[in-house]
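Trainee: Got a minute to go through this model with me? I'd like to start with how the strands pair.

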Amino acid sequence: MGKYFGTDGFRGEANKALTAQKAFQVGRYIGWYYGRNHEDNRARIIIGKDTRRSSYMLEAALAAGITSSGSDCYLLHVTTTPSVSYCCRTDGFDCGIMISASHNSFYDNGIKIMRANGQKIEPEIEQQIEAYIDGEIDEVPLAERDAIGNVIDYAAGRNRYIGYLMTIPTRAFNGMKVGLDCANGASWNIARSVFEALGAKVYVINNTPDGLNINAGCGSTHMDTLKKYVVDNGLNVGFAYDGDADRCLAVDELGNEVDGDQIMYLCAKFLKESGKLDGNTLVTTIMSNMGLYKACEAIGIRTEKTDVGDKYVAENMMKNGFVLGGEQSGHIIFAKYATTGDGILTSLMVLMTMLEKKLPLSMLAGEMKRFPQCLKNIVVNDKATTLTNPAVCAAMQEVNKTLGGDGRLLLRASGTEPKIRVMVEAKTDEVCEQYVDKLIAVIREQGLAAE
């Protein structure tokens, strides 16, 4: 991870860590960088944004930077991250940008940059952008006269993405009552259209964004409202998205939460039964629940583990030709249809699996028995120093030895915040919390905590 770019782009509080000036500089550099590959030095760069108030400010700053470097900027306006990825790979753009802080609160924001194939850009380019922002490399030239770039409305690209999603299911959703929690985010004007076109009876909540209410007590990080809504309205299933709709969690007809691990399991099993799980392999991150691995092993599905971050999952899948992978948080990649996590696509695949198997979600997801899990965050002075501290490492080894094959402890650094995440899986919730608290106590005893 770099100074500004983490596992999911340039992330920080708007007008503090992420200012309009920095966004302008990002636009300046990528407008020049991708323009170099064209005879006229004019690249085609597409931008989407979520519903945060600051997204409009950052969109304008990025567009100014891109066009001042001589490249053209195409605006998708409020849309989802996967729609930007889709337009990148289908419409011949050199680069795509999504302005979003995903599941974070409205005052945070982020800049996610994608390659022409819709995947996140290489770390080497992120490092060059950081060096440019910090004045460590020469200024890039300004375009003049007719070489200045254009800003072009490209709302049609979002509509084509909606149309694409409608072509994916192999059957109609007639008779299905579906709840959608749009998190007052980017999916608010997309998700309903897709499900209604496919014949479902759609019930939508949290689809009135005002710039400040994105993810506020709603969406995939706050599932209680959707759970109650599904039960109260007798729905077959509910789906919750995050702010930019690149992740999806579900609620079954009984009001139980179905997380990303359970979604991956039921979809992997269905693909295997259909002969479509290439490599007979599911790609996960190290944070997936042990219950997923045991359930996959029981039905003969291989699993591979990557570092935390959907970009690492995507890289593994592309390298090895695998078709399904993702994260417990709901970032799930169906490689036949997309090169990045797509929350709406994920919900379509879950509903299609339910219809093809003629089973309720509670039965499909219930086949995977989750290990109790406890995850707590601790703010630290230095993430790298904490992870390599001898006392912390020794305590971690001791806990893992004690748990044996009945659990595990993981420590990892947040990609966007000064936090260490301490996670334990074990046979009971009490054991999980006991060992999480033990590790946090060691971190504090070593003087590493900033709290």
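Mentor: Sure, let's begin with one pairing: β17 and strand β19 (residues 419–425) run antiparallel to each other, over 7 bridges. Strands pair here if DSSP finds at least two bridges between them. Helices (H or I, at least four residues) and strands (E, at least two) are DSSP runs, numbered from the N terminus.

Trainee: Before I get carried away, what kind of model is this?

Mentor: This is a predicted model, where local features need pLDDT of at least 70 and side-chain atom pairs count only at pLDDT 80 or more, while totals for chains, interfaces and linings use all residues. Residues are numbered from 1 along each chain as its sequence is written, and side-chain values use heavy atoms, with hydrogens and water left out.

Trainee: OK, back to β19. What is the bridge partner of Ile378 in β19?

Mentor: Ile420. The two strands belong to an open, antiparallel sheet of 3 strands, in the order β17-β19-β18.

Trainee: Which are the edge strands?

Mentor: β17 (373–379) and β18 (408–413), each of which pairs on one side only. From one strand to the next, the twist averages 15°.

Trainee: Which helix lies across β17, β18 and β19?

Mentor: Helix α15 (residues 429–445), which runs at about 20° to β17. Axes are lines fitted to C-alpha atoms, for helices over the stretch in contact, and angles run from 0 to 180 degrees between N-to-C directions. Contact means heavy atoms within 4.5 Å.

Trainee: Switching topic: how many helices and strands are there in the protein?

Mentor: 15 helices and 19 strands. Of the 451 residues, 59% count as buried. Buried means under 20% relative accessible area, exposed over 50%, and partly exposed in between (1.4 Å probe, protein chains only).

Trainee: And what radius of gyration does the protein have?

Mentor: 22 Å, which agrees with the value near 22 Å for a compact globule of 451 residues. The radius is taken over C-alpha atoms, and the globule rule is 2.2 Å times the number of residues to the power 0.38.

Trainee: Is helix α3 mostly buried or exposed?

Mentor: In helix α3 (residues 81–90), 8 of the 10 residues are buried, so the helix is largely enclosed by the rest of the structure. Among them are Ser83, Val84 and Cys87.

Trainee: What covers the buried residues of α3?

Mentor: The cover includes β3 (44–49), β4 (72–78), β5 (95–99), β6 (108–114) and α5. Leu76 lies in strand β4, and its 0% relative accessibility is why Leu76 counts as buried. Leaving aside neighbours within four places in sequence, Leu76 is in contact with residues including Ser83, Val84, Cys87 and Tyr154.

Trainee: Now β11. Are Cys248 and Ala250 buried or exposed?

Mentor: Buried, and Leu249 and Val251 on the other side are buried too, which leaves both faces of strand β11 (residues 248–251) covered. Strand β10 (residues 237–241) pairs with β11 in the antiparallel sense over 4 bridges, and Tyr241 stands opposite Cys248.

Trainee: How many residues lie between β10 and β11 in the hairpin?

Mentor: 6, and Ala245 in that turn has a positive phi of about 60°. The hairpin of β11 and β12 has 5 residues between the strands, with Gly255 at a positive phi near 90°.

Trainee: Last topic, the rings. How many aromatic pairs are there by the rule?

Mentor: The count comes to 14 aromatic pairs. Rings of Phe, Tyr and Trp (its six-membered ring) pair if their centres lie within 6.5 Å; planes under 30 degrees apart count as stacked, over 60 as edge-to-face and the rest as tilted. Tyr29 and Tyr132 have ring centres 5.5 Å apart and planes at 40°, so their pair is tilted. It links distant parts of the chain, with Tyr29 in helix α1 (residues 20–35) and Tyr132 in helix α4 (residues 123–133), 103 residues apart.

Trainee: Are Tyr29 and Tyr132 buried or exposed?

Mentor: Both are buried. Ring pairs join them with Trp32, Tyr33 and Tyr34 into a cluster.

Trainee: And where does the charged end of Lys305 sit?

Mentor: Over the ring of Tyr293, 4.2 Å from its centre. To count, NZ of Lys or CZ of Arg must be within 6 Å of the ring centre and within 35 degrees of the ring normal. Arg44 likewise lies over the face of Phe93, at 4.2 Å from the ring centre.
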